[in-house]
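Biologist: I would like to learn how to read a model like this one. Can we go through it feature by feature?

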Amino acid sequence: MEITIIFRIALVGILVTILNQILKQSGRDEQAFLVSLAGLMLVLFWVIPYISELFQTVEELFTF
């Protein structure tokens with residue numbers, strides 16, 4: 001696993017948190033929710049290949 005993916009996820013988390021707080025303070029709760037959802041989807045798209053690789057490795061490990 002690359003270390004850059006961890007930094008990317010942390011950066012997205014920080015940006016989403018800041019935007020979420022700004023939008024909630026201005027009374028735009030729906031847009032804050034959409035920003036959080038978009039950040040979650042972005043991180044999931046980055047992590048899914050690593051999860052798939054993990055399942056393949058586990059499957060190869062237990063295949064005789």
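**Reading the model**

Modeller: Start with one residue. Phe33 sits in helix H2. Keep in mind that this is a predicted model.

Biologist: Is Phe33 buried or exposed?

Modeller: Compare the relative accessibility with the cut-offs: under 20% is buried, over 50% is exposed. Phe33 has 55% relative accessibility, so this residue counts as exposed.

Biologist: Which residue lies 13 positions from Phe33 along the chain, with its C-alpha 7.5 Å away?

Modeller: That is Asn20. Sequence separation and spatial separation are two separate readings. For Phe33 and Asn20 they are 13 residues and 7.5 Å between C-alpha atoms.

Biologist: Where does Leu19 lie, and how is its exposure classed?

Modeller: Leu19 is in helix H1. Its relative accessible area is 42%. Partly exposed covers the range between the buried and exposed cut-offs, so Leu19 is partly exposed. The C-alpha of Leu19 is 8.7 Å from that of Ser36, with their positions 17 residues apart in sequence.

Biologist: And what about Gln25, buried or exposed?

Modeller: Gln25 also has its place in helix H1. Its relative accessible area is 69%, so Gln25 is exposed. Here the C-alpha distance to Gly39 is 19 Å, at a sequence separation of 14 residues.

Biologist: How many helices and strands does the protein have?

Modeller: Two helices and zero strands. Helix H1 spans residues 3-25, and helix H2 spans residues 29-62.

Biologist: At what angle do H1 and H2 pack?

Modeller: Read the angle between the N-to-C directions: over 145 degrees counts as roughly antiparallel. H1 and H2 pack at about 170°, and their axes are 8 Å apart. The two helices are therefore roughly antiparallel.

Biologist: Which residues make the contact?

Modeller: From H1, they include Ile5, Ile9, Val12, Val16 and Leu19. From H2, they include Ala32, Val35, Leu42, Trp46 and Tyr50. By class, the contact has 13 nonpolar, four polar and three charged residues.

Biologist: What is the radius of gyration of the protein, and what would a compact globule have?

Modeller: Set the value against a globule of equal length. The protein has 17 Å, whereas a compact globule of 64 residues would be near 11 Å. The box tells you about extent along the principal axes: roughly 60 × 20 × 10 Å for the C-alpha atoms.

Biologist: What percentage of the residues count as buried?

Modeller: Of the 64 residues, 12% do. The accessible surface is about 5,500 Å², and carbon and sulfur atoms hold 71% of that area.

Conventions
Residues numbered from 1 in each chain as written. Predicted model: local features only at pLDDT ≥ 70, side-chain atom pairs only at ≥ 80, totals over all residues. Heavy atoms only, no water. Helix = DSSP H or I, 4+ residues; strand = E, 2+ residues; numbered from the N terminus. Rg over C-alpha atoms; globule rule 2.2 N^0.38 Å. Buried < 20%, exposed > 50% of the residue type's maximum accessible area, 1.4 Å probe, protein only. Areas by Shrake-Rupley, 256 points an atom, 1.4 Å probe, with all protein chains shown as cover. Axes fitted to C-alpha atoms, helices over the stretch in contact; angles between N-to-C directions. Parallel < 35°, antiparallel > 145°, perpendicular 65-115°, else oblique. Contact = heavy atoms within 4.5 Å. Nonpolar A, V, L, I, M, F, W, Y, C, P; charged D, E, K, R; others polar.
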